[in-house]
Each structure stands twice: as C-alpha cells, then as structure tokens.
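Thanks for coming. I have one model to go through today, and I will talk about its ligand site and its pockets.

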Amino acid sequence: MKVLVVYYSMYGHTHHMAEAVAEGAKEVDGAEVEMRRVPETLPEGVLRRMRALEAQKAFAHIPICGVDELASADAIIFGTPTRFGNMCGQMRQFLDATGQLWAKGALVGKVGSVFASSATQHGGQESTILSFHITLLHHGMIVVGLPYRFQGQMRIDEVTGGSPYGASTIAGGEGERQPSENELAAARFQGKHVAMIVYKLTK
Ligand SMILES: Cc1cc2nc3c(=O)[nH]c(=O)nc-3n(C[C@H](O)[C@H](O)[C@H](O)COP(=O)(O)O)c2cc1C
C-alpha cells in the first residue's frame with residue numbers, strides 16, 4: 001500500500017504540511033509513505049530575488065518526483081502553495097507532463113487528495129484545492145478531502161486553515177507565520193484518512 005506525498009514549496013510552509021500529511025498516513029498499518037518534490041521551474045536568479053534559495057535548502061534532501069512514480073502509488077496526496085488562487089506553476093508543469101499516464105489510464109481508481117498554503121486567509125486556498133481536483137478527476141482518481149470529523153476545521157477561536165476540501169495553512173504576507181498545531185493536525189488527519197481509504201480499497 002503505497003502513498004506518495006507530492007508537493008512544491010518555495011519557503012517551507014507546504015513542506016511542513018507535507019511532513020504532517022506523511023506522518024498521518026504512516027499511522028495506518030501497511031502504509032509505505034514517500035515524500036517527493038516536483039521539479040523547480042523558475043530560474044535561479046528569480047528564486048534568489050524571491051529569497052527562496054536559502055529557504056529551499058531545508059528540504060533539498062526530499063527526492064524529486066518522476067511522473068512515472070505516480071503510476072506505482074495507490075494514493076497520491078498533492079501539496080501546493082496558492083498562486084493567484086490556483087496551484088503553483090511548478091505543480092501545473094509537473095501535471096502537464098502526465099499526458100502519457102492519462103492516455104494509459106494509469107491513475108484511474110487511485111486515491112487523490114490535495115492540501116494547500118496561501119499567504120492570506122481568503123486568498124484562494126479553497127479555489128486552489130478545488131481547481132486542482134479537476135485534474136485529478138480527468139485522471140480518473142477518487143478525490144478525497146478533509147471530512148468534518150476533523151473538528152479542528154470548525155474552530156473560530158483562532159485563525160486557521162482547513163476546509164472540507166483539504167488541509168491548508170496561512171503563511172502570512174511575508175511568510176512569517178508557520179503552520180499552526182491545528183493546521184498540522186488537519187494535515188495529519190488528511191494523510192491518515194487517505195491511507196485508511198486505500199487500506200479499505202486494497203484489503
Ligand atoms: C506569484 C505568486 C502568487 C501568489 N498568489 C497568492 C494568492 O493568490 N493568494 C494568497 O493568499 N497567496 C498568494 N501567494 C503567496 C503564496 O501562496 C505563499 O507564499 C505560499 O503559500 C507559501 O508557501 P510555501 O512556503 O510552501 O511556498 C502568491 C505568491 C506568489 C509568489
């Protein structure tokens with residue numbers, strides 16, 4: 001039972017969420033969980049100006065995902081920072097390289113799920129996740145979100161990400177906020193929830 005956590009992160013917020021998603025998935029017996037990054041597409045000079053190079057060193061050890069790896073997984077949980085209310089270009093480019101997999105129906109029946117990070121509370125976390133689901137549905141994947149059984153998404157006593165569509169974190173305009181305990185708990189819940197569904201489907 002193989003669960004892949006495939007993500008892009010520029011400053012580390014999505015990376016921290018990905019670690020929590022992987023932790024949650026590993027709680028399910030028999031789950032073999034791997035983390036993968038999608039390839040960078042921005043030139044080094046641009047990344048330097050965006051002050052991303054230093055931040056990205058912290059997760060440079062996570063292997064880069066090859067598109068063919070997707071076919072060997074039972075579930076793929078994708079993570080992306082929001083870009084203008086959508087997934088980031090790095091993730092879009094990665095997904096646009098999966099045409100051969102689509103042609104073979106290689107992802108049909110696999111479980112797919114999405115988590116996100118955005119700078120602001122209402123800057124498009126939900127639209128990022130929901131619009132990402134379209135690609136998963138074109139691949140014939142079974143889309144899984146974050147059920148309200150994760151009660152942390154009901155909280156109004158603190159600023160928090162998380163919706164029925166998937167876990168999310170709010171990074172702040174300068175990336176100054178790190179994922180909160182509640183957001184990490186949502187990510188862990190989503191990872192475990194996906195792995196449990198795969199368990200039920202494959203046993
Ligand atoms: C080109 C660009 C577009 C962005 N668009 C949005 C946006 O629409 N809404 C928002 O809240 N944040 C937006 N952000 C902020 C990122 O979502 C934020 O930096 C990211 O979630 C941090 O996650 P990371 O550390 O994993 O990269 C944008 C950032 C960039 C560079």
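Before the pockets, a word on classes: Ala, Val, Leu, Ile, Met, Phe, Trp, Tyr, Cys and Pro count as nonpolar, Asp, Glu, Lys and Arg as charged, and the others, Gly among them, as polar. With that scheme, the lining of the second largest pocket comes out as 3 nonpolar, 11 polar and 3 charged residues. Please keep in mind that this is a predicted model.

Let me stay with that second largest pocket for a moment. Its space is about 310 Å³. The lining is made of 17 residues, and nearest the centre are Gln121, His122, Glu126, Thr160 and Gly162. Helix H7 (125-138) and strand E6 (168-170) are the elements that give two or more residues to this lining.

Now the largest pocket. Here the volume is about 560 Å³. There are 25 lining residues, and those closest to the centre are Tyr11, Arg83, Ala119, Gly172 and Gly173. The elements contributing two or more residues to the lining are H1 and E4. By class, the lining of the largest pocket has 7 nonpolar, 14 polar and 4 charged residues.

So where does the ligand sit? The ligand is in the largest pocket. Around the ligand there are 18 residues, and the ones that come nearest are Ser9, Met10, His13, Thr14 and Ser117. This shell divides into 7 nonpolar, 10 polar and 1 charged. Helix H1 (13-26) and strand E4 (111-118) each supply at least two of the shell residues.

Next, the contacts to oxygen atoms of the ligand. A polar side-chain atom of Ser117 is 2.7 Å from a ligand oxygen. Two further contacts use the backbone: an N or O atom of Tyr11 lies 3.0 Å from an oxygen atom of the ligand, and a backbone N or O atom of Ala119 lies 3.1 Å from an oxygen atom of the ligand. As for cover, the ligand on its own has 650 Å² of accessible area, and the protein covers 81% of it.

To tie this together, Tyr11 and Ala119 are among the residues closest to the centre of the largest pocket, and that pocket is where the ligand sits. That is what I have; I will take questions now.

Definitions and conventions: Residues numbered from 1 in each chain as written. Predicted model: local features only at pLDDT ≥ 70, side-chain atom pairs only at ≥ 80, totals over all residues. Heavy atoms only, no water. Near = heavy atom within 4 Å. Polar contact = N/O pair within 3.5 Å; in protein donor to acceptor, adjacent residues only side chain to side chain. Areas by Shrake-Rupley, 256 points an atom, 1.4 Å probe, with all protein chains shown as cover. 1 Å grid on protein atoms, 1.4 Å probe; cavity = no way out; pocket = protein on both sides within 12 Å on 5 of 7 lines; lining within 4 Å. Sits in = over half its atoms within 2 Å of the grid points. Helix = DSSP H or I, 4+ residues; strand = E, 2+ residues; numbered from the N terminus. Points joined across faces, edges and corners; volume = space filled by probe spheres on them.
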